[in-house]
Amino acid sequence: MIRFYFNASPNPLKVALFLEEAGLPYEKVPLDPRRGEQHEPAFRRINPNGKVPAIVDEQGPGGRPATVFDSNAILLYLAEKTGQFLGAPEDRPQLLSWLMFVATGLSPFSGQSVHFQKFAPEPVPYAINRYRREVERHYRVLDSQLQGRPFVLGDDYTIVDMAAWGWLVRADFALPPVDGGDPLDPFPELQRWFRAIDARPAAQRARTIGQGHAFKQEMDEAARRAMFPSNYPPG
C-alpha cells in the first residue's frame, strides 16, 4: 500500500495520474495548505521541505517503508518500481532530460506565474510579465517537440507526459488569456496532446482526488502565512 499525501494542486495531480494509470493501491491523505497542515511535525518527517506531494511506500526497497517527495521524483520512483511508463530503454536520456525540463522549468515558472497573478498582495508588472512570458516559452518548446509525435518522447506514453499534464491542467491560471478563450489555442500540438491525455479515464479519475474533502477556500491572513511563510519574519 502507498500512502499518498496530496492536495488538489498541479504537482499532486501528476502523481494521482500515475497511480490511477498503473492501478496501484493507495491511501489518500489530504493535507490542507491553507490550514498549514504541511508544516506539522509528522509530515515534516516525511518531507522536510513541507510540501505535497509525498508518498510512503510500505513495500519500498528491501521490503522496508520508503518515503519519496517531489512530484517528479515520485513519478520516476514509481515508474522504476513498476517498470511502467518509462518508454523504451533507448529513450532513457530523453526521458530524463524532458522530466527535468518539467521539474526545473515548466513547473516552477508556471507556479510563479500563478502566484504573481493570483496571490501576490499587490500587482508586480515586471514579475507578471516575466513569468507569463516564460510559461509561453515553455509551451512553445513542448509544442515544437510534439510536432509529428503523439507523446513527448514519441510513440510511448511516459511519466514525462504525466508530469507536464499536471501543470497544463492549470493553464488557465498560469497563462490566462487577456481576451478569454483557451490558453492553449496558440499551441495546437500541445493542445491536441493535452486533450488526448485529459480524456483518458485515469486522468478523469485523477482530477477528482480532492472531491469530498473540505479544503479551506478562504485566502485570509492565516492562509497566507501558512502557504507563503518566507514572506513573513520568523517567529
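Colleague: Which residues have the most contacts inside the largest nonpolar core?
Modeller: This is a predicted model. Nonpolar side chains tend to be buried together in soluble globular proteins. Here the largest nonpolar core has 61 residues. Those with the most contacts inside it are F18, Y139, I159, W165 and W193.

Colleague: Which element gives the largest share of this core?
Modeller: Two of the residues just named, I159 and W165, are among the buried residues of α6. The largest share of the core is 8 residues. That share comes from α6.

Colleague: How many residues of helix α6 are buried?
Modeller: Helix α6 covers residues 159-168. Its buried residues include D161 and G166 as well as W165 and W167. The helix is largely enclosed by the rest of the structure, because the buried count is 10 of the 10 residues.

Colleague: Which residues does W165 touch, leaving out those up to four places away in sequence?
Modeller: W165 is one of the core residues with the most contacts. W193, also in that group, is among its partners. The full list is L13, L17, W193, F194, I197, D198, A203, A206 and R207.

Colleague: D198 and R207 are both on that list. What distance, N to O, do their side chains show in the salt bridge?
Modeller: Side chains of opposite charge can pair when their charged atoms come close. A salt bridge needs a nitrogen-to-oxygen distance within 4 Å. For D198 and R207, the distance is 2.9 Å.

Colleague: Is D198 buried or exposed?
Modeller: Its partner R207 counts as partly exposed, at 35% relative accessibility. The cut-off for buried is under 20%. D198 has 14% relative accessibility, so it counts as buried.

Colleague: Where in the chain do D57 and K81 lie?
Modeller: Their side chains meet in a salt bridge at 3.0 Å, N to O. The pair links distant parts of the chain, 24 residues apart. D57 is buried at 2% relative accessibility, whereas K81 is partly exposed at 39%. D57 lies in strand β3 (residues 54-57), and K81 in helix α3 (residues 71-82).

Colleague: Which helix holds both R225 and E221?
Modeller: These two form a salt bridge, with the closest N and O atoms 3.6 Å apart. They sit 4 residues apart, about one turn of the helix. R225 is partly exposed at 42%, and E221 is partly exposed at 44%. The helix is α10 (residues 221-227).

Colleague: How many salt bridges does a search of the whole structure find?
Modeller: D57 with K81 is one such pair. R225 with E221 is another. The search of the whole structure finds 13.

Colleague: Which residues lie closest to the centre of the largest pocket?
Modeller: The pocket holds about 1600 Å³ of space. Its lining has 44 residues. W167, a buried residue of α6, is among the closest to the centre. The closest are N7, S9, P10, W167 and M227.

Colleague: Which helix supplies the largest share of that lining?
Modeller: By class, the lining has 19 nonpolar, 18 polar and 7 charged residues. α1, α3, α4 and α10 each supply at least two residues. The largest share is 9 residues, from α4.

Colleague: How many charged residues line the second largest pocket?
Modeller: About 160 Å³ of space lies in this pocket. It is lined by 14 residues, and D179 and D182 are among those nearest its centre. The lining has 7 nonpolar and 2 polar residues, and its charged residues number 5.

Conventions
Residues numbered from 1 in each chain as written. Predicted model: local features only at pLDDT ≥ 70, side-chain atom pairs only at ≥ 80, totals over all residues. Heavy atoms only, no water. Buried < 20%, exposed > 50% of the residue type's maximum accessible area, 1.4 Å probe, protein only. 1 Å grid on protein atoms, 1.4 Å probe; cavity = no way out; pocket = protein on both sides within 12 Å on 5 of 7 lines; lining within 4 Å. Points joined across faces, edges and corners; volume = space filled by probe spheres on them. Nonpolar A, V, L, I, M, F, W, Y, C, P; charged D, E, K, R; others polar. Core = buried A, V, L, I, M, F, W, Y, C linked by side-chain atoms within 4.5 Å. Contact = heavy atoms within 4.5 Å.
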